[in-house]
Amino acid sequence: MKAVIISNNVDIEDLLPSAFSFLLLDGSAKDVLTAARDRIHLGAKLLAHPMAGRLRPNETPYMTVVLDDSRGELDLPSFEIIEYCLAEEEKYAPMRKKYDETLLPDLRFINCELFQSILEELK
Amino acid sequence: MVLELRKVAIRNIEFGSPARIEGDKLIVDPDEMKEWMLEDSRIKDVSFDIALPGTSTRILPVKDVIEPRAKIEGETFPGLFREDMEEGGSGVTYCLDGCVVTTTGPIVGFQEGVIDMSGPAAEYNVYSKLCHLVMILEKQDYVDPHEHEKVVRLAGIKLARKVGELAFACEDYTTETYEWGNIGENYNAYPDLPRVVYVYNCMSQGLLHDSYFYGRDSKIIVPTMLTPLEIFDGALVSGNCVSPGSKTTTYMHQNNACIKELYKHHGKDFNFVGIVLCPLMTSLKEKFRNRMLTVRQVKMLGADGALISQEGFGNPTTDLMIVCQELERNGIKTVIITNEDAGIDGMSESLPDSVPEANAIVTTGNSNATLMLPAMDKTIGVLKDIERVCGGTVNSIQPDGRLLIEIHGIMGGHNLQGNTLVGAVTI
């Protein structure tokens, strides 16, 4: 397995286990999903559902995707899920919330918490 | 196994001393309740308020809603307060019907919702028809968010149990009796009727996205068979603040609308033979493991049909769909309950995952639709928090004091066990 984490949440970096490589994107949740989608088209597999705990895409700007980036045959479940997630992002674009800046640390914190749940499950 | 629910109707709450029930009025003593709560040294301070149906009152942000229930022999909410525990679901349980303990106060940002006691939001959820004893907790500074969630969760349950004990002195109650046999008895009970199993999804994803089964975090259990009776006794409690509209509070577990409906049709239209609790987790491996174990147990129960209720939306929709798909592939006709996120105008693709086998879906409505709520005379909590909760925005508060909110910001606005006040009917 070649585990890769793609995220736009800078706090994730402090939680990384040594076996995972990390790609920090200075961009939107959609940018993170698109980067993951591109890898899935080349055969990478999702290890966790990207919408884990994010709930509605207009509620938080943070997105963390956990992939197995060993390339191979197209993984159909990963392909379907990532396309659904991208469609959800696009659907919510017109409803995007204006974020209360003081909320951002909490949103990063929740994103980290849910990422840690994924790490626990993958152990 | 037989459980008798003794329901004492409560239609009013007042502060006073000593705590007691007079007719349909619950009288509680704030000083006594404060003493109970401060037994937990992690709580710095606590205050109480009352919200009654029909009044111009708004509660936000709401963490949990719990119906007071207590037992003279045995205990309700087993597994939460003692090291030893007995199986819930037998004997006599006293319930304060029409009354709830409601916990409030932000833990980490967003995801807690609104309860209005009158106006348009009150037309959506069952909470607006209940008398609320509201508890506002302040934690000690050193308590971190994990501990904070636990403190508030346990404090709410503890208060609900203590207040429930007041019903022991009441002689005026109505009785509901529920029976549950072993697998063989249930299977053979109605040989001519189709056998139906209920798949009970519960959120299990991390801080503020967890449920607790006999006090254990549901993230660390595999799908498990349940009896409906232990659910009535509080074996499953909420630890989460997912989108308020689709969140299953402890009250919704205690009064699970699917279980009640299944009992109603049991022996007439079908034979209700079992429940499988299915935790909704994050990694794909866990989703597929849980699918396999859930479907296997449904098959072992001999089901011809299944009902799946949902909690949350998005990621959990994948669990809902893959379990439904596998049940159908095994010849088990399956009905699922979910809400829809179809955009403000209702025109967008409404589900974040779907399978062709999901051909019988009950929807609890479009949660993106917006409502304009009137200003209320009284707010318990902090009105400005609406800008931070799920379903609200920084533009929610209008200059004239009204609130613009999405339906999923209303607690229980589209409850995914179908326990709401709105629905479509065939005429």
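# A guided reading of chains A and B

Of the 123 residues that make up chain A, 48% count as buried. The model is a predicted one, and the account below begins with chain A before turning to its partner.

Chain A contains three helices and four strands, and along the sequence these elements follow the pattern β-β-α-β-β-α-α. Its C-alpha atoms fill a box of roughly 40 × 30 × 25 Å along the principal axes. The radius of gyration is 14 Å, which agrees with the value near 14 Å that a compact globule of 123 residues would have. Among the contacts in chain A with a separation of 6 or more, 72% join residues that are 24 or more positions apart.

Chain A also touches chain B, in a contact that takes 33 residues from each of the two chains. On the side of chain A, the elements that give two or more residues are α2 (76–92) and α3 (104–122). The largest share, eleven residues, comes from α3(A). By class, this side of chain A has 18 nonpolar, four polar and eleven charged residues.

Within chain B, a pair of helices deserves attention. Two packed helices are described by the angle between their axes and the distance between the axes. The axes of helix α7 (residues 284–300) and helix α8 (residues 315–329) of chain B come within 9 Å and cross at roughly 40°. An angle of this kind makes α7(B) oblique to α8(B), and the crossing of the two helices is right-handed. Among the residues that make the contact are B:R291 and B:V295 of α7(B), together with B:I322 and B:V323 of α8(B). Taken by class, the contact of α7(B) with α8(B) has five nonpolar, three polar and four charged residues.

The backbone of chain B offers further points to examine. The peptide bond from B:S17 to B:P18 is cis, with omega near 0°, and B:P18 is found in the loop between β2 (12–15) and β3 (20–22). The peptide bond from B:L60 to B:P61 is also cis, with omega near -10°; B:P61, however, lies in strand β6 (residues 57–66).

Positive phi values in residues other than glycine come next. B:F77 has phi near 50° and is found in the loop between β7 (69–70) and β8 (91–97) of chain B. B:F77 is buried, because 28 other C-beta atoms lie within 10 Å. B:Y214 is not a glycine either, and has a positive phi of about 50°. Its place is in the loop between β14 (209–213) and β15 (216–217) of chain B. With 17 C-beta neighbours inside 10 Å, B:Y214 counts as partly exposed.

Key
Residues numbered from 1 in each chain as written. Chains lettered and ligands numbered in written order. Predicted model: local features only at pLDDT ≥ 70, side-chain atom pairs only at ≥ 80, totals over all residues. Rg over C-alpha atoms; globule rule 2.2 N^0.38 Å. Buried ≥ 20, exposed ≤ 12 C-beta atoms within 10 Å, placed from the backbone. Contact = placed C-beta atoms within 7 Å. Nonpolar A, V, L, I, M, F, W, Y, C, P; charged D, E, K, R; others polar. Axes fitted to C-alpha atoms, helices over the stretch in contact; angles between N-to-C directions. Parallel < 35°, antiparallel > 145°, perpendicular 65-115°, else oblique. Left-handed = near helix turned anticlockwise from the far one by under 90°.
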